Amino acid sequence: MPNGAELFVQAAAQLGLSPIFTLVGDHLNEALAAAARAGMRVVDMRHESGVTHAADAWARIHRRPALSLVTGGPGHTNSLTGMATANLAGSPLIAVSGSRARGLADRQAFQDIDQVGMARPAVKWAAEVPSAGEIPFYLARACAEANSGRRGAAHLTIPVDVFTESAAGTAFLAGRLAPAPRCPDLKPATELLRAAKRPVVIAGSGVWWSGAEEALREFIERTQIPLYTITMARGTVPDDHPLSMGYADPALNYAVPTVFREADLFLVVGKRIDYRLALGGARLFPAEAKFIQIDIHPPELGMNRPLDAAVCGDARAALDAIPDAGPVRTGWLQRVRELRAESAARLDAAEADAAVFFRALREALPEDVLFSWDGGDFAHWGRALLPARHAGGWLRLGPLGTIGSSLPNAIALQLAHPARRVVAITGDGALGFYLAEMDTAARFRLPIVLIVGNDAGWGLERELQSWGTGGAPTVACELQASRYDLVMKAFGGDGETIERPEEVGPALGRALASRVPYCLNVKIRGARSPFTEWQIAGKKR
């Protein structure tokens, strides 16, 4: 008769929850030993939050639930940030934590905390497994909860004695998924599109999760409506497509505020009308503009902006079902393209060190690289200047803004695409959160190219404080100008420091030729990115 750990591994395999992202701890030894005996792939990392970030990234990349397994107590509390990150990003993370034995609850046992109570506000669903035989039911239930409707994280606490006890009376393995909702009546949306003179499409992560890349491309080609992408929709239609106008984020695309103010209709597909879109408000959108929103999650429809047509359903089904959108608006399309060209020229004229670096990097990078992006001014310059070309190859932090997670995300991205090159772009401040994951990348011989913008400080906050205090000294913003390339070498990788633009191409060539993780430590002077300028402009209003 199997024990709980063996049943856990069997259920995980049946549900497609492989690999297991983990960090070893006493509560997990039986489960990890069972995984090894079963031949299940185990990716062991250096920090529990990094574990959950990597599993979250694996879920996003593959569009299905992914599993993290951490020990209880501080292992569980460390993992909460990753749970919250995945949940806000709509990613079906299954976050499992071990814990003290069941009979020791509420008796001052070692590491006895209310793990389920802590997790509930950060996830869609959470529970503690009461017995070994019920592990398959609870794991399947977690997958169903995480992967239905608008996806999100689910948490299970599994006490250590549940893993070790015999699994008598095994519960059935529940069904995995409810069917996707059918596409509702699209007649109101179609009529609005036909009547519009200056329509725009804004596509978000729902396009990726529904597998609607081809449907989106065919829709814009059929209707000749300009497209802006954001979040996981970046790259679903490449930025070099003649109808793709780049980032929908006004903080990174200089053309967006003008285009959006001039547009008379917005078709928002699989994207919350959230902070990135100014909550649908007057800073970005004209009051008289019409709005159509397609979203699988009913509460999103009309939350922040009144809608003229609400479509609750799957993005791919909806895009396929809209027959046409009226005549081609040649003049409008030409206007949008002109504004995009002006935005690109403005970015290409920027003299900031980071802008100069990313222009040189753009010339040297092969077209098939995949990106893992962090936050901060250095990364924001890159997001503004580098094109998104590949669906699923533009990983971001998500609405929680969990800086530092680009390195664990890159580990998952490289594991998922061993034949592709992955570039992680971060700042020196953000890198510090999960610096030890350099060890994980080196142990697994993942040839990630880690690019660190080193301005010896928390650059974005330094710029915001400098503006807000009228030139007074900044507080808690300065760091040492550390040699992160040498840190990578110490972990078993390789790297070098870049100080001049002409060094970028040769250094990148060496990084791409490396068979181990390679850190490019880029020395720059801090300068406000377009993102920070947008933030400051908002504070001035």
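Student: How are H1 and H2 set relative to each other?

Tutor: H1 and H2 are oblique to each other. Keep in mind that this is a predicted model. As a general idea, a pair of packed helices is described by two quantities, the angle between the axes and the distance between them. In this case, the axes of helix H1 (residues 4–14) and helix H2 (residues 29–38) cross at roughly 55 degrees and come within 8 Å. An angle of 35 to 65 degrees is called oblique, so that is the word for H1 and H2. The crossing of H1 with H2 is right-handed.

Student: Which residues of H1 and H2 meet?

Tutor: From H1 come Ala5, Glu6 and Val9, and they meet Glu30, Ala31, Ala34, Ala35, Arg37 and Ala38 of H2. Sorted by class, this contact has 6 nonpolar and 3 charged residues, and no polar ones. A useful general rule is that an α-helix has 3.6 residues a turn, so residues three or four places apart point the same way. You can try that rule on the residue numbers of H2 in this contact, such as Ala31, Ala34, Ala35 and Ala38.

Student: Let me try another pair. At what angle do the axes of H3 and H16 cross?

Tutor: At roughly 45 degrees, with the axes of helix H3 (residues 48–62) and helix H16 (residues 406–416) coming within 7 Å. H3 and H16 are therefore oblique to each other, and their crossing is right-handed. On the H3 side, the contact is made by Gly50, His53, Ala54, Ala57, Trp58, Ile61 and His62. Their partners in H16 are Pro408, Asn409, Ala412, Leu413, Leu415 and Ala416. By class, the contact of H3 with H16 has 9 nonpolar and 4 polar residues, with no charged ones.

Student: I also see Arg60 in H3. Is Arg60 buried or exposed?

Tutor: Here the idea is to compare relative accessibility with a cut-off: under 20% is buried. Arg60 has 5%, so this residue counts as buried. Next, ask what surrounds the side chain. A polar atom of the Arg60 side chain lies 3.0 Å from the backbone oxygen of Arg396. Beyond its neighbours within four places in sequence, Arg60 is in contact with residues including Thr85, Trp208, Trp209, Met232, Arg396 and Gly398.

Student: Which backbone atom lies 3.0 Å from the side chain of Asn87?

Tutor: For Asn87, the partner of a polar side-chain atom is the backbone nitrogen of Ala153. Asn87 sits in helix H4 (residues 74–88). With a relative accessible area of 18%, Asn87 is buried. Setting aside neighbours within four places in sequence, its contacts are Ala122, Val123, Lys124, Arg150, Arg151, Gly152 and Ala153.

Student: And for a whole helix, which residues of H22 are buried?

Tutor: In helix H22 (residues 530–540), the buried ones are Pro530, Phe531, Thr532, Trp534 and Ile536. They pack against four named helices: H11 (256–262), H13 (330–348), H15 (377–385) and H19 (459–468).

Student: One last residue: where does Met488 lie?

Tutor: Met488 lies in helix H20 (residues 484–491), and its relative accessible area of 1% is why Met488 is called buried. Leaving out neighbours within four places in sequence, Met488 touches Met438, Leu450, Gly493, Asp494, Pro517, Tyr518 and Cys519. For a sense of scale, Met488 and Pro2 are 486 residues apart along the chain, and their C-alpha atoms are separated by 42 Å.

How values were computed
Residues are numbered from 1 along each chain as its sequence is written. This is a predicted model: local features need pLDDT of at least 70, side-chain atom pairs count only at pLDDT 80 or more; totals for chains, interfaces and linings use all residues. Side-chain values use heavy atoms; hydrogens and water are left out. Axes are lines fitted to C-alpha atoms, for helices over the stretch in contact, and angles run from 0 to 180 degrees between N-to-C directions. Helices (H or I, at least four residues) and strands (E, at least two) are DSSP runs, numbered from the N terminus. Angles under 35 degrees count as roughly parallel, over 145 as roughly antiparallel, 65 to 115 as roughly perpendicular and the rest as oblique. A crossing is left-handed if the near helix is turned anticlockwise from the far one by less than a right angle, and right-handed if clockwise. Contact means heavy atoms within 4.5 Å. Ala, Val, Leu, Ile, Met, Phe, Trp, Tyr, Cys and Pro count as nonpolar, Asp, Glu, Lys and Arg as charged, and the others, Gly among them, as polar. Buried means under 20% relative accessible area, exposed over 50%, partly exposed in between (1.4 Å probe, protein chains only). A polar contact is a pair of N or O atoms within 3.5 Å; within protein, one must be able to donate a hydrogen and the other to accept it, and residues adjacent in sequence count only if both atoms are side-chain atoms.
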